[in-house]
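User: Could you take a close look at one part of this structure for me, the aromatic rings and whatever you come across around them? I'm in my first year, so please go step by step.

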Amino acid sequence: MTRARGGCSSPTRCSKLGDESLTDQKDADYAALQPAYRTVTLRDLDGSGFLRGKWANIVSETGNPAYSPTNTFDFNRSQDEFEQVMAYYWITESQRYIQRLGFGVPGGRRPVNMESQDVRINQWGADNSFQTNHPKDEMRFGKGGVDDAEDAEVVLHEYGHAIQDAQVPNFGASLEAGSIGEGFGDYWAVTVTQTVSGPGALNDPACVADWDAVSYTRGPVHCLRRLDTDKHYPADVIGEVHADGELWSRALWDIRGALGGTKADTIILESHFSFAPDTTFSAAAATTVATAQRLYGTSAATAVAAAFADRGF
C-alpha cells in the first residue's frame, strides 16, 4: 500500500464544493480546486514503482509514466500523472468492492473481471473514452476539455463495460443490450463512488460524471447523464444506446434505493452471468428478478420487479 494525492472523484463531488461554475481552464491547477484534493491509499501495487498492481496496469505514452521509488504519487491535475493515479485508484477500489460483495473470494461467487486491467491514458486523441476486448483487452481514456480520467465516474463507467464483457463475452450485440451496457456503466460509476467516498460525498448522486461534463453541457447543473429520469419504455426509446441506457440505469437506481447498495449490487452483478450477448430489456429484467428471488427471496424480487415495471419493462 502507498499514499497518493489525487484520488478524488471530481472537484465538485469529493470535497462537496458544490460549485457548478468551475471549468477546465486548460488543465490549470487553480486556487478554487485546491480543496478538492485528498490523500488516498493506493492498494495492491506490485512494488515496481509504477502504477501496476493486481487489478490495474496503467500506461501513458503521451506523458511521463507515473513513477516513484518510494511509491508516493503526489500530483496535481495539470500533470499527466494525476490522471494515471485517478485511474489506478478507482479501478482498484472498484475491484476490491466487487470482492467485498463476495465475487471471486474463497467459498463465494464467481469472479468478475478479476485481473489486472490494462489502461491507457490519453491514448485516444479525442474527448472520448472506451473499453475494448479486440485486439487488446484494455480501457482507453481521451483528452480534451476535462481529460476523461480526471473524473472517477468516467473511469468507473468504462470499467462497467469491462465487467460485463468479462461476464458475457461480446455483450452488447443488439441495440437494447448495448443500452443496458451504457446504463449499467452509469449506474456502476455512481454506486462505487458513493460506496467508496461515503455517505454525503456526492452533492447530486444521480448526476453522472459532472466534472467531465462541464466542458460540453450548458448548465446550470452539469451532468453527462442522469440516473433519475422518468423515461418509459417504449415511448422514450430513440435508438441511441447512451440515451436509452437511462431507462436501465433508472431501474437499477430504484433497486438500490429499495434494497440498499450491497444487496442491489450483488443482484445486479450476479444476474449478468445469465444475460445473452444480445439480450433485450425485458429478458434482462426477468433474469434480474429471478436472481433477486434466488439470492434474497420474494420481498427482494418484488422490489426489483417493481423497479423494472415502472420503466415499462
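Analyst: Let's start with F281. This residue is buried, with a relative accessible area of 1%. Keep in mind that we're looking at a predicted model.

So what does F281 pair with? One partner is F313: the ring centres are 4.7 Å apart and the planes meet at 15°, so this pair is stacked. To see why, recall that planes under 30 degrees apart count as stacked. The two residues come from distant parts of the chain, since F281 is in helix α7 while F313 is in the segment after α8, 32 residues apart. Both F281 and F313 are buried.

Now for the wider picture. Searching the whole structure turns up 14 aromatic pairs. Another of them joins W248 and F281, with centres 6.2 Å apart and planes at 25°, so here too the rings are stacked. W248 belongs to helix α5 (residues 241-259) and F281 to helix α7 (residues 281-296), so their pairing ties together parts that are 33 residues apart in sequence. How covered is W248? Its relative accessible area is 2%, so W248 is buried; the cut-off for that word is under 20%.

Put these rings together and you get part of a bigger group. F171, Y233, W248, F275, F281, F308 and F313 form one aromatic cluster.

Rings can also have a charge sitting over them, and you can find that here. R109 places its charged end over the ring of F103, 5.6 Å from the ring centre. In another case, R110 lies over the face of F273, and the distance to the ring centre is 3.9 Å.

Just before F103 in the numbering, have a look at G102. This glycine follows helix α2, and its phi is positive, near 105°. Helix α2 itself makes a nice little check. It has 21 residues (80-100), and at 1.5 Å a residue they should span 30 Å; the C-alpha atoms at the two ends are 31 Å apart, which agrees. Most of α2 is covered, with 18 of its 21 residues buried.

Next, a different sort of link. The structure holds one disulfide. A disulfide is a covalent bond between the sulfur atoms of two cysteines. Here the cysteines are C207 and C223, whose sulfur atoms lie 2.1 Å apart. C207 sits in strand β8 (residues 207-208) and C223 in the loop between β8 and β9, so the bond ties together parts that are 16 residues apart in sequence. Which hand does this disulfide have? The torsion about its S-S bond is about -120°, so the disulfide is left-handed. C207 is buried, and C223 is buried as well.

From C207 we can step over to R226, which is found in strand β9. Beyond its neighbours within four places in sequence, R226 is in contact with D204, A206, C207, E246 and S249. With D204 there is a polar contact between the side chains, at 2.9 Å. R226 is partly exposed, as its relative accessible area is 22%. One more distance to try on screen: the C-alpha atoms of R226 and D186 are separated by 8.1 Å, although the two residues are 40 apart along the chain.

If you want to retrace the tour, go back to F281, where the stacked pairs with F313 and W248 come together.

Definitions and conventions:
Residues numbered from 1 in each chain as written. Predicted model: local features only at pLDDT ≥ 70, side-chain atom pairs only at ≥ 80, totals over all residues. Heavy atoms only, no water. Helix = DSSP H or I, 4+ residues; strand = E, 2+ residues; numbered from the N terminus. Expected span 1.5 Å × (residues − 1). Buried < 20%, exposed > 50% of the residue type's maximum accessible area, 1.4 Å probe, protein only. Phe/Tyr/Trp six-rings, centres within 6.5 Å; stacked < 30°, edge-to-face > 60°. Lys NZ or Arg CZ within 6 Å of the ring centre and 35° of its normal. Disulfide = S-S within 2.5 Å. Contact = heavy atoms within 4.5 Å. Polar contact = N/O pair within 3.5 Å; in protein donor to acceptor, adjacent residues only side chain to side chain.
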